[in-house]
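Biologist: I should like to learn how to read this structure feature by feature. Where may we begin?

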Amino acid sequence: MSRAALDIQGLTKTFKVNDDTVTALQDISLTVSQGEFVSIIGSSGCGKSTLLRIIAGLETDYEGTAVFGGTPIHGPGLERGVVFQEHRLFPWLTVRQNVAFGLGNSTSANVWESVDEHIQLVGLNGFENAYPYQLSGGMAQRASIARALANRPQALLFDEPFGALDALTKIQMQQEVLRIWQAEKATMVLVTHDIDEAVFLGDRVIIMSSRPGTIKKIIPVDLPRPRDRGSYEFTQLRSAIYAEFFRQEDKPFAYAI
Amino acid sequence: MGTSHEQTEELLIPFENAETEPVRERISSPKFRIPRQCVGLALPVLFVIMWELLSRGGILAANWFPAPFTIADTLLELLRGGELARHIAYTLTRVMAGFLIGALTATLLAGVTGSTPLVRQLLDPSIQALRSIPSMAWVPLFLLWMGIHESSKIALISVGVFFPVYLNLLSGILTVDRKLVEVGQIFKLDKLQLVRRVILPAAFPSYLVGLRSGLGLGWMFVVAAEIMGASRGLGFLMIDGQMTGRASVIIASIVLFALFGKITDMVIELAGNRLLGHRGLVL
């Protein structure tokens, strides 16, 4: 965790809505080390997804600099894998074909080796030939993670990946992501609106405020892994982040001793 | 890894227990079960029987309303003479040729207008304008240009097939989920790969709908073309029946049109379902 994988300086992004200009992101500066796990949290509309789309190369019209692995970001790149909120699997391809999608047309043995290895990594062995409509939400999201991993990217970008999953599947998937992170040693950037998720996964939690989207605070999470969601330190951190979004007295059921 | 797989399986079948079993059985095995297809057949069968009885009883005039058995006789008679097979072959060839030309042109044009905004802005308004011409209005012009031979008939059928295929494929291409296109971009597909690997497969269901309605129109237009001027074909057979006052020949032709229209539609439907079944979609 030494060299910077991602370096963003003075990033500003504006959108034209009819004749108005809306500032989605203002003067964002952020450095992510190689192999680091960073959570970005903010309420909806704070521009956190826009930030991720810029890192992914899907939005190219911005001011400031965004550099990944030493080269400025001007478009998508295979070294940056993306997992979206929806699984976005191709309905006409099997799980195996979906995972192989980014590997081009080559049918060499090591391509399928990598595909099968990653299907196994996300725990979908046995479902290689299933079509997306046959999968549950959690399984589809696993397949989409395997697809992003198959190219062996240096960084994996998650855009609220578990927002549409039920609470139990979500917790299970968070543990899976940690396991994958430790196995692949990739840099992880996770955008979420779930405080618990941000603290459980991140080495650092970046808190964003809305309109315009700016970085409000960066909170390091110095808790040993595996983290215990029920521990005192974990709860303390969660409350501290909670307090950044809501005033103390708004908190329902807060420490009414 | 082993554990996560087990967990997945648990999630897949969360409510598998003994209590749900009897309920499922009760729903799926009632004592008297009429196959769904047979329910739909009841009315036509009843209709044919009534018709046969009324016709034999002399209540319906036999020359205007020939009994179903008389029609079947007429069909057999035409078939024995070898005449019918020739008429059918002519009509089928015209429909197929017109369908192929119309569908192919539509596919190419919609592919181009769908993938290049500039070409779409240039061509699409003109194509939409041509669409508003009632297709039958082309008949005199086609006859003048190409004479009364095969080409004018095939041209008319192609025009009929063209529009539904073009419109459905174009709208299929234009409504492809942007989110899937983005996945293609993430994996750095170039424009051609994007069309081949994402846009065309995604637009395929609407394309099939277009092909099926195009074929339907093709059958409609072959009748029109053959009625207006032909010496062979099922449409000609109908006119022949009208001229010679044989209602049974006309009705026999109608039955054959229905039969072949249904068969060709089923071919596309089955092929489509084979290709779409894996998406959980069935037309």
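**Reading the model**

Modeller: A:K185 is located in chain A, in the loop that joins α5 (167-184) to β8 (187-192). Please keep in mind throughout that this is a predicted model.

Biologist: What is unusual about the backbone of A:K185?

Modeller: A:K185 is not a glycine, yet its phi is positive, at about 55 degrees.

Biologist: Is A:K185 buried or exposed?

Modeller: The idea is to count neighbours: 12 or fewer C-beta atoms within 10 Å make a residue exposed, and 20 or more make it buried. A:K185 has 10 C-beta neighbours inside 10 Å and therefore counts as exposed.

Biologist: Which residue of chain B has a positive phi although it is not a glycine?

Modeller: B:K188 has a phi of about 60 degrees and is not a glycine. B:K188 sits in the loop between α9 (178-186) and α10 (191-228) of chain B. Because B:K188 has 15 C-beta neighbours inside 10 Å, it counts as partly exposed.

Biologist: Where does A:P226 lie, and what is the form of the peptide bond leading to it from A:R225?

Modeller: A:P226 belongs to the loop between β10 (214-220) and α7 (232-245) of chain A. The bond from A:R225 to A:P226 is cis, and its omega is near -5 degrees.

Biologist: How many helices and strands does chain A have?

Modeller: Chain A contains seven helices and ten strands. Four of the strands form an open sheet in the order β2-β1-β4-β5, with antiparallel pairing. In that sheet, β2 (20-33) and β5 (71-72) each have a single partner strand, so they stand at the edges and one side of each lacks a neighbour in the sheet.

Biologist: How many bridges join β4(A) and β5(A)?

Modeller: Strand β4 (residues 63-68) of chain A pairs with β5(A) in the antiparallel sense over two bridges. A:V67 has A:P72 in β5(A) as its bridge partner.

Biologist: Which strand does β6(A) pair with in the parallel sense?

Modeller: The partner of β6(A) is strand β7 (residues 155-159) of chain A, and four bridges connect them. Within this pairing, A:R80 stands opposite A:A155 of β7(A). Both faces of β6(A), residues 80-83, are covered: A:R80 and A:V82 are buried on one side, and A:G81 and A:V83 on the other.

Biologist: What should one look for in the overall form of chain A?

Modeller: One may compare the radius of gyration with that of a compact globule. For 257 residues such a globule would have a value near 18 Å, and chain A, at 19 Å, agrees. Its C-alpha atoms fill a box of roughly 60 × 50 × 40 Å along the principal axes. Of the 257 residues in chain A, 43% are buried. Among contacts in chain A with a separation of 6 or more, 69% join residues 24 or more positions apart.

Biologist: At what angle do α11(B) and α12(B) cross?

Modeller: The axes of helix α11 (residues 234-243) and helix α12 (residues 247-276) of chain B come within 7 Å and cross at roughly 160 degrees. An angle over 145 degrees counts as roughly antiparallel, and α11(B) and α12(B) are therefore roughly antiparallel to each other. The residues making the contact include B:L234 and B:L237 of α11(B) and B:I250 and B:F257 of α12(B).

Biologist: How is α5(B) placed against α11(B)?

Modeller: Helix α5 (residues 83-115) of chain B and α11(B) have axes that come within 7 Å and cross at roughly 130 degrees. That angle makes α5(B) oblique to α11(B). On the side of α5(B), the contact is made by B:H87, B:I88 and B:T91.

Conventions: Residues numbered from 1 in each chain as written. Chains lettered and ligands numbered in written order. Predicted model: local features only at pLDDT ≥ 70, side-chain atom pairs only at ≥ 80, totals over all residues. Pairing = 2+ DSSP bridges. Rg over C-alpha atoms; globule rule 2.2 N^0.38 Å. Contact = placed C-beta atoms within 7 Å. Axes fitted to C-alpha atoms, helices over the stretch in contact; angles between N-to-C directions. Parallel < 35°, antiparallel > 145°, perpendicular 65-115°, else oblique.
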